[in-house]
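Colleague: I am new to this structure and would like a close look at one part of it. Please take the strands at the middle of one chain, and then work outwards to the partner chain.

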Amino acid sequence: MIKTYINGYESYSCAGDTESLMQTIYANQSCIEIDTSFMPENPVGLGKMGVNDFFATLQEVVNKVLLQSNLEDFSNTLLLVGSSVGGMAESEHHYFKDKNYKNIDPSRHAISVISKSLSHDFSFLDTRCVSTACTSSANAMLLAKRLLSVGAYENILIVGADALCYTTVCGFHALSVLSSKKCTPFSKNREGMNVAEAIAVLLLQNTPTQGAVELLGVGASSDAFHMTNPDPEAKGAISAMQKALDDAGLVAQNIDYINAHGTGTMANDTVEGLAVATLFDNVFISSTKAVTGHTLGASSALEAIISCEVIKHGMIPPQVSLTEVENKALNIPQKALKKEVRYVMSNSFAFGGNNTSLVFGGVE
Amino acid sequence: MQNRKKVVLNIVASSKIAAPIKIEDLQEKRIVPKMMIRRRLTRNAKIMLYIADQCEFKGGKIVYGSAFGELQATVGITDAIVNATQISPTLFQNSVYNSAPSYFSLLYGDRDEIITLSSGMQTSRDVLRSSALQALVSGEEILCVATECLDIPHIDEVNSCQSYLEMGAGVVLSLAEDSLDAQEIALIEEDGIIDSMKDLWSVVTMAEKGIKKVFVYL
């Protein structure tokens with residue numbers, strides 16, 4: 001069986017690059033700002049990258065991954081994008097200004113604007129774009145592992161990328177799930193989530209290089225319950241996690257840490273907590289969305305990078321902004337915890353009841 | 001392309017449909033008897049459910065694709081923002097690209113994997129490729145389906161070349177035991193069919209001509 005190694009990665013979010021992000025996580029800090037630029041009468045917490053040109057930053061992050069890799073270029077690499085909004089921000093800009101579609105380029109509106117933009121800057125063997133809302137880049141990694149395992153490709157570049165836009169900020173507000181403060185996942189009195197933006201890039205290859213982390217297992221399921229609310233019995237979440245464990249050849253007791261989906265909404269955290277408490281016994285769990293916000297289609301790739309860093313640092317991330325824990329059955333650390341971390345699970349759940357879990361392990 | 005890994009797939013069932021403006025009879029009352037679900041469906045969902053029904057697919061792994069996704073929901077949201085009116089929560093939940101197969105999951109109680117792709121004009125090619133991967137890895141039948149619904153007000157401001165505004169195509173695929181009589185996908189140029197649908201539309205056309213196996217590159 002051909003294995004999947006994560007040989008390089010880089011990210012950019014409201015917490016800066018990956019090094020800065022991990023320092024912020026371990027320092028128990030949040031990078032969420034309270035913002036009124038999208039909805040002047042409704043302040044909400046957002047995770048803003050603070051860059052002028054999203055696509056220029058995307059190019060820079062991908063270039064950093066190329067430079068740290070054993071590749072001269074991406075000519076023998078499949079680009080697999082995960083995104084939930086694609087070029088929506090640019091379309092909004094034109095539509096809000098012109099009140100018509102005449103200056104909207106359809107090819108820059110679609111999800112594939114990300115692969116199109118990167119194909120302009122780099123030469124890829126091929127490209128493919130996944131869009132399953134907030135599991136987009138997790139499902140890109142699921143496909144990547146399977147493509148590598150059957151020998152279809154040697155190198156796959158995962159790009160999770162989503163920019164803030166009015167549609168998502170105002171849309172989540174319409175669902176009444178946004179927090180006007182910094183989000184507090186797993187807290188008893190949590191108010192909701194913080195929408196955010198990020199770019200997260202990982203190079204997956206079939207042979208390891210120095211410092212590689214292995215993508216050991218992938219598991220996916222559907223709730224078949226509701227378009228936005230998770231199944232209160234958590235059957236879909238449990239199924240995705242169990243499938244990922246099975247794929248990795250592990251049991252629940254092997255997992256040292258779970259990077260939770262942990263959006264901070266009442267519905268998600270309750271159901272995810274139930275799923276974890278059902279399947280695991282006292283595993284450490286926290287949500288780094290308290291630091292970065294929910295970066296939607298980029299979140300799984302960003303949290304995959306965090307999971308790799310947790311293994312390399314041997315340090316469990318604390319639950320930033322935690323006040324009073326709602327589910328006492330969960331083992332949620334309030335301070336960074338130094339310990340050997342061999343296996344990490346990362347959960348992602350999305351609209352449509354789409355669930356994907358990933359399992360990562362250190363390479364001996 | 002010659003060195004790329006390819007698999008041989010049986011075309012178990014197939015269906016396609018298109019209309020210049022709006023597909024009239026998608027049999028939604030029969031396919032979706034529950035009004036509460038039916039009234040929330042997007043046009044992509046109605047077409048996708050119709051294709052699945054025609055293929056007699058009731059559950060299992062799905063690979064779905066759409067280059068432009070849920071344009072009607074997206075337009076409803078941006079119009080609400082421009083007009084400073086309330087955004088409908090249903091419109092927002094329907095705006096994600098995986099809405100259509102998620103409604104299938106709700107309707108049939110399907111708890112299996114759903115992958116949604118949106119690769120621009122390569123969308124249905126990539127839906128076929130990812131379906132081939134899923135069939136190879138799982139050994140199961142896969143519903144491989146793509147739809148496009150471009151029928152929004154003032155679409156003519158951005159569309160000058162697509163004469164069909166609604167279309168869908170799908171096949172149920174399974175891993176073939178041998179490559180006997182299998183054919184490479186012959187891309188068929190059909191006026192009005194958007195390029196994002198071309199590969200899957202062509203496979204359905206091949207199936208209609210009696211071809212039962214195709215090669216698909218991973």
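Modeller: What follows starts from one strand of chain A and then moves to its neighbours, a second strand, the contact with chain B and a few backbone details. The model is predicted, and this applies to everything below.

The starting point is strand β7 of chain A, residues 155–162. Eight of its eight residues are buried. In a regular strand the side chains alternate between the two faces of the sheet. Here both faces are covered. A:N155, A:L157, A:V159 and A:A161 lie on one side, and A:I156, A:I158, A:G160 and A:D162 on the other.

β7(A) pairs with strand β5 of chain A, residues 77–82, through six bridges, and these two strands run parallel. Within that pairing, A:L80 has A:I158 as its bridge partner. β7(A) also pairs with strand β9 of chain A, residues 198–205, here through eight bridges and in antiparallel fashion. A:I158 has A:L202 as its bridge partner in β9(A). A:I158 thus has a bridge partner in β7(A)'s pairing with β5(A), namely A:L80, and another in β9(A), namely A:L202.

The same residues return in the nonpolar core. In soluble globular proteins, nonpolar side chains tend to be buried together. The largest nonpolar core has 197 residues, and A:L80, A:I158 and A:V201 touch the most other members. Leaving aside residues up to four places away in sequence, A:V201 touches A:L157, A:I158 and A:V159. The other contacts of A:V201, counted in that way, are A:Y9, A:E10, A:S11, A:V61, A:V62 and A:V65.

A second strand to look at is β16 of chain A, residues 354–362. Eight of the nine residues of β16(A) are buried, so the strand is largely enclosed by the rest of the structure. Nine bridges join β16(A) to β10(A), and the two run antiparallel. In that pairing A:S222 is matched with A:N354. On β15(A), residues 343–350, eight bridges lead to β16(A), again antiparallel. There A:A350 stands opposite A:N354. β15(A) and β16(A) form a hairpin with three residues between the strands, and A:G352 takes a positive phi near 85 degrees in it.

One residue of β16(A) can be followed further. A:T356 is buried, with 31 other C-beta atoms within 10 Å. Apart from residues up to four places away in sequence, A:T356 touches A:T135, A:A138, A:N139, A:L142, A:A220, A:A240, A:S300 and A:S348. The C-alpha atoms of A:T356 and A:E191 are separated by 25 Å, and the two residues are 165 residues apart along the chain.

Chain A also has a small open sheet to note, made of three strands in the order β3-β4-β8 with mixed pairing. β3(A), residues 33–35, and β8(A), residues 195–196, stand at the edges with a single partner strand each, so one side of each has no neighbour in the sheet. Three bridges join β3(A) to β4(A), residues 44–47, and these run antiparallel. A:I34 has A:G45 as its bridge partner in β4(A).

Next comes the partner chain. In the contact between the chains, 47 residues of chain A meet 42 residues of chain B. Several elements of chain A each supply at least two residues to this side, including α3, α6, α7, β10 and α8. The largest share, five residues, comes from α7(A). By class, the side of chain A that touches chain B has 22 nonpolar, 19 polar and six charged residues.

α7(A), residues 166–174, comes with its axis within 10 Å of the axis of α4(B), residues 71–82, and the axes cross at roughly 85 degrees. The two helices are therefore roughly perpendicular to each other. In this contact A:Y166, A:T167, A:C170 and A:G171 meet B:T74, B:I77, B:T78 and B:I81. By class, the contact has four nonpolar, four polar and no charged residues.

Two backbone details remain. Most residues other than glycine have a negative phi, and most peptide bonds are trans. A:S321, however, has a positive phi near 65 degrees. A:S321 sits in the loop between β13 and β14 of chain A and is buried, with 22 other C-beta atoms within 10 Å. B:E56 also has a positive phi, about 55 degrees. This residue is in the loop between α3 and β2 of chain B. B:E56 is exposed, with 10 other C-beta atoms within 10 Å.

Note on methods. Residues are numbered from 1 along each chain as its sequence is written. Chains are lettered from A and ligands numbered from 1 in the order in which they are written. This is a predicted model: local features need pLDDT of at least 70, side-chain atom pairs count only at pLDDT 80 or more; totals for chains, interfaces and linings use all residues. Axes are lines fitted to C-alpha atoms, for helices over the stretch in contact, and angles run from 0 to 180 degrees between N-to-C directions. Helices (H or I, at least four residues) and strands (E, at least two) are DSSP runs, numbered from the N terminus. Angles under 35 degrees count as roughly parallel, over 145 as roughly antiparallel, 65 to 115 as roughly perpendicular and the rest as oblique. Two residues are in contact if their C-beta atoms, placed from the backbone, lie within 7 Å. Ala, Val, Leu, Ile, Met, Phe, Trp, Tyr, Cys and Pro count as nonpolar, Asp, Glu, Lys and Arg as charged, and the others, Gly among them, as polar. A residue is buried if 20 or more other C-beta atoms lie within 10 Å of its own, exposed if 12 or fewer, and partly exposed in between; C-beta atoms are placed from the backbone. Two strands pair if DSSP finds at least two bridges between them. A nonpolar core is a set of buried Ala, Val, Leu, Ile, Met, Phe, Trp, Tyr and Cys residues joined through C-beta atoms within 7 Å.
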